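I am opening a fresh page to record what I look up in this structure, entry by entry. I want to begin with the whole chain and then move to single residues.

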Amino acid sequence: MKKKPINEAELTFLSRSANEGFARTSAACFAAQLDPTLEEINDVKTAVSEAVTNAIVHAYPDRLGKVHLRLRLYEDQSLEIQVRDWGVGIADVEQARTPLFTTGSEERSGMGFTIMESFMDEVRVKSTPGKGTVVTLRRVLARRAGRR
């Protein structure tokens, strides 16, 4: 049985690099409802930044496109974030998740998925060449004393 979210939000924006900060901050503000620690918020911001940057840089290398962010909170203190694009897609997801692999320029480190995996409990990637990519990030936030 699939869990039902207790709250959710969606944003769609153009694949402009200026919107990466907007997406990162929006995710952090939404996650704040679960009373996360500063470290948890920073982890979420970093993972979202990597996922959105991948969509901006790799999905639409020669044109603007749309990036869609879906945020969900669940009763078990978990946060789910989906970053979707309708760009070029990833031909080999396993290879793309390999540290240091990049389809970008020399200035790209090829560490985006590795960074996402280090800050989130789960990272799923679904992609179809020519149709786009969905990256799903999940993190259970620790219950702190006084949290409901």
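The entries below go from the overall layout to one helix, its neighbours, and a few side chains.

**Entry 1, the whole chain.** I note at the start that this is a predicted model, and I keep that in mind for each entry. I counted 4 helices and 5 strands in the chain, and when I read along the sequence I found them in the pattern β-α-α-β-β-α-α-β-β. Of the 148 residues in the chain, 44% are buried. I also looked at contacts between residues at least 6 apart in sequence, and 66% of these join residues at least 24 apart. For the surface I wrote down about 8,400 Å² exposed by the chain, with carbon and sulfur atoms supplying 51% of it.

**Entry 2, helix α1.** I looked up the length of α1 and found that its 13 residues reach 18 Å from the first C-alpha to the last, which is close to the 18 Å expected at 1.5 Å a residue. Which elements do the buried residues of α1 pack against? I found β1 (7-14), α2 (38-59), β2 (66-73) and β3 (78-85). The buried residues of α1 include Gly21, Ala23, Ser26 and Phe30.

**Entry 3, asparagine 19.** I placed asparagine 19 in helix α1, which covers residues 19-31. Is asparagine 19 buried or exposed? Its relative accessible area is 19%, and because buried means under 20%, asparagine 19 counts as buried. Leaving out residues up to four places away in sequence, I found that asparagine 19 touches Phe13 and Leu14.

**Entry 4, rings.** I searched the whole structure for aromatic pairs and found 1. The pair is formed by phenylalanine 13 and phenylalanine 22, edge-to-face, with 6.1 Å centre to centre and 90° between the planes. I then checked the cover of each partner: phenylalanine 13 is buried at 6% relative accessibility, whereas phenylalanine 22 is partly exposed, with a relative accessible area of 40%. I also looked up a charge over a ring, and found lysine 3 lying over the face of tyrosine 74, at 4.8 Å from the ring centre.

**Entry 5, helix α4.** In helix α4, residues 112-119, I found Gly112, Phe113 and Met116 buried. Where do these buried residues lie around the helix? Looking down the axis of α4, I saw that its buried residues fall within an arc of 95°, so they line one face of the helix. As a general reminder, an α-helix has 3.6 residues a turn, so residues three or four places apart point the same way.

Key: Residues are numbered from 1 along each chain as its sequence is written. This is a predicted model: local features need pLDDT of at least 70, side-chain atom pairs count only at pLDDT 80 or more; totals for chains, interfaces and linings use all residues. Side-chain values use heavy atoms; hydrogens and water are left out. Buried means under 20% relative accessible area, exposed over 50%, partly exposed in between (1.4 Å probe, protein chains only). Contact means heavy atoms within 4.5 Å. Rings of Phe, Tyr and Trp (its six-membered ring) pair if their centres lie within 6.5 Å; planes under 30 degrees apart count as stacked, over 60 as edge-to-face and the rest as tilted. A charge sits over a ring if NZ of Lys or CZ of Arg is within 6 Å of the ring centre and within 35 degrees of the ring normal. The expected span of a helix is 1.5 Å times one less than its number of residues. The arc is that of the directions from the helix axis to the C-beta atoms. Accessible areas come from the Shrake-Rupley method with a 1.4 Å probe; for residues, only the protein chains shown count as cover.
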